[in-house]
Amino acid sequence: MADDYLVRIGKLIRDARQHRGWTQTQLAEALATSQSAVNRIERGNQNISLEMIARIGEALDSEIVSLGYAGPMHLRVVGGRRLSGAIDVKTSKNACVALLCGSLLNKGRTVLRRVARIEEVFRLLEVLNSIGVRTRWINDGVDLEIVPPAELDMEAIDAEAARRTRSIIMFLGPLLHRMDSFRLPYAGGCDLGTRTIEPHMIALRRFGLDIAATEGLYHAQVDRSIVPGRPIVLTERGDTVTENALLAAARHDGATVIRNASSNYMVQDLCFFLEALGVRVDGIGTTTLTVHGVPSIDVDVDYSPSEDPVEAMSLIAAAVVTESQLTIRRVPIEFLEIELAVLEEMGLDHDRSTEYSADNGRTRLVDLTVRPSKLEAPIDKIHPMPFPGLNIDNVPFFAAIAAVAQGKTLIHDWVYDNRAIYLTDLNRLGGRLQLLDPHRVLVEGPTRWRAAEMMCPPALRPAVVVLLAMMAAEGTSVLRNVYVINRGYEDLAERLNSVGAQIEIFRDI
């Protein structure tokens, strides 16, 4: 029990340090101790006094550490308030995690600008740190520096952190170039039903990767005599599947053709990053990519991932359901054109600025102003398609939007086994959603939202949809255990508060 307590305290201290953007060395200097002592504390291998806990709490400006509790985070929402002003879209969660995995291709120093400070990124950093990669937040915690070791220590991998993120699956592509055999924990993440890794394996077997799955681990072996001799045809036009194929092809000495590739935003960002590493990629933005790989990559690279279209859609939905006028800045318009076309047909009143370039020099951005609108249910059903169709991750937001529109809207979320089921949580807040089957839900509006206290759905986008409905509901709502939201959004409650929401973060003591 005592050892478990020390481990728990250590994790609290580590999380608070990383949130502050400090290295172990910086914390050690503030405490007048050694980096090795901080390392032992964070691993739970060091007895620690109440005085030291208080000093650490003061140094990190963290009440959580100083009070010594680690209960789940909850949100208390006072709804019925109108939003106003302007809010910036943060960089893409899905691009950032792909680039973190992609940094394993590079022997040199990688700097990623304006990285999303979210739990998904923190979990990947824990995994990278555990296998010997040095990472640190620089420029006041805005940017991230990544320096790999000469040899990765896969035996020391942080299995707990790895199992809390599905992104770990994208280690397969880079690692097959670095070692002949390795093990990875099973991928985790949102509870969205059964998803196999077979589409990944169909692509990666062409590079000699073979995997056996036993006892919660992927056991990987690489046969270097096997190389792709003909185009790789992906059986699923998935984002992470395409990214894994790109990562594998990047250090294959020769040209690799990938067909039925995703051309979505995070894939394009990864392609731009690979080009910065010296890998030529033809066909970016199409479903056929030709990767001219290089056997060794050792460069110092500086890259700025683009803004997140799904977060932009979240903010658009926030304005719609709260009947607010809100300007959303730095919207990656190329990846929201279908969504906006649907919303225009429903009656959305909005303006958009002239286009300008993101910091990567490639992605097109606009500033979008949404005004209160009388929406009508769309004639056709809402359903996702691979880019350039309506984004899979944006489908849940249409449940909240349809709930404030006049009429009935059919939402067909065919990609995931059970995500549509979580949308019916809106019924607890006054919604009228009828589940037709695990993939289809019928939404009837308009809705008179009402406050409620409920647990957060275990899936990222439905969880945010519930939060948005709470913001629209008169009275005080409570959303419990919002870790899943923190996986994909940086300081969402505080940022919504900056434009007029009233959301309080609290924890059980």
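Tutor: Lys and Arg count as positive here, and Asp and Glu as negative. The model is predicted.

Student: How far apart are the mean positions of the positive and negative charges of the protein chain?

Tutor: The protein chain has 55 positive and 66 negative charges. Take the mean position of each set. The distance between the two means is 1 Å.

Student: How many helices and strands are in the protein chain, and why is the chain called as compact as a globular protein of its length?

Tutor: The protein chain holds 19 helices and 23 strands. For 509 residues the globule rule gives 23 Å. The chain is as compact as a globular protein of that length because its radius of gyration, close to that value, is 23 Å.

Student: What share of contacts in the protein chain joins residues at least 24 apart?

Tutor: Count contacts between residues at least 6 apart in sequence. Then ask which of them join residues at least 24 apart. The share is 73%.

Student: What percentage of the residues in the protein chain is buried?

Tutor: Buried means under 20% relative accessible area. The protein chain has 509 residues. The buried part is 57%.

Student: Is α15 mostly covered or mostly open, and how many of its residues are buried?

Tutor: α15 is mostly covered. Its buried residues include Val395, Pro396, Phe397 and Phe398. Ile401 and Ala403 are also among them. The count is 9 of 9.

Student: Which geometry does the pair Phe273 and Tyr303 have, stacked, tilted or edge-to-face?

Tutor: The count of aromatic pairs comes to 4. In the pair of Phe273 and Tyr303, ring centres are 5.9 Å apart and planes stand at 65°. Planes over 60 degrees apart count as edge-to-face. So the pair is edge-to-face.

Student: Where do Phe273 and Tyr303 lie, and how many residues apart are they?

Tutor: Phe273 is in helix α12, and Tyr303 is in strand β13. Both residues are buried. The pair links distant parts of the chain, and the separation is 30 residues.

Student: Why does the pair of Phe335 and Phe387 count as tilted, and how far apart in sequence are the parts tied together?

Tutor: The rings have centres 4.9 Å apart and planes at 45°, so the pair is tilted. Phe335 sits in the loop between β14 and α14, and Phe387 in the loop between β17 and α15. The pair therefore ties together parts whose separation in sequence is 52 residues.

Student: Which residue forms one aromatic cluster with Phe335 and Phe387?

Tutor: Phe335 and Phe387 are both buried. They form one aromatic cluster with Tyr265.

Technical notes
Residues are numbered from 1 along each chain as its sequence is written. This is a predicted model: local features need pLDDT of at least 70, side-chain atom pairs count only at pLDDT 80 or more; totals for chains, interfaces and linings use all residues. Side-chain values use heavy atoms; hydrogens and water are left out. Helices (H or I, at least four residues) and strands (E, at least two) are DSSP runs, numbered from the N terminus. The radius of gyration is taken over C-alpha atoms; the globule rule is 2.2 Å times the number of residues to the power 0.38. Buried means under 20% relative accessible area, exposed over 50%, partly exposed in between (1.4 Å probe, protein chains only). Contact means heavy atoms within 4.5 Å. The place of a charge is taken as NZ of Lys, CZ of Arg, CG of Asp or CD of Glu. Rings of Phe, Tyr and Trp (its six-membered ring) pair if their centres lie within 6.5 Å; planes under 30 degrees apart count as stacked, over 60 as edge-to-face and the rest as tilted.
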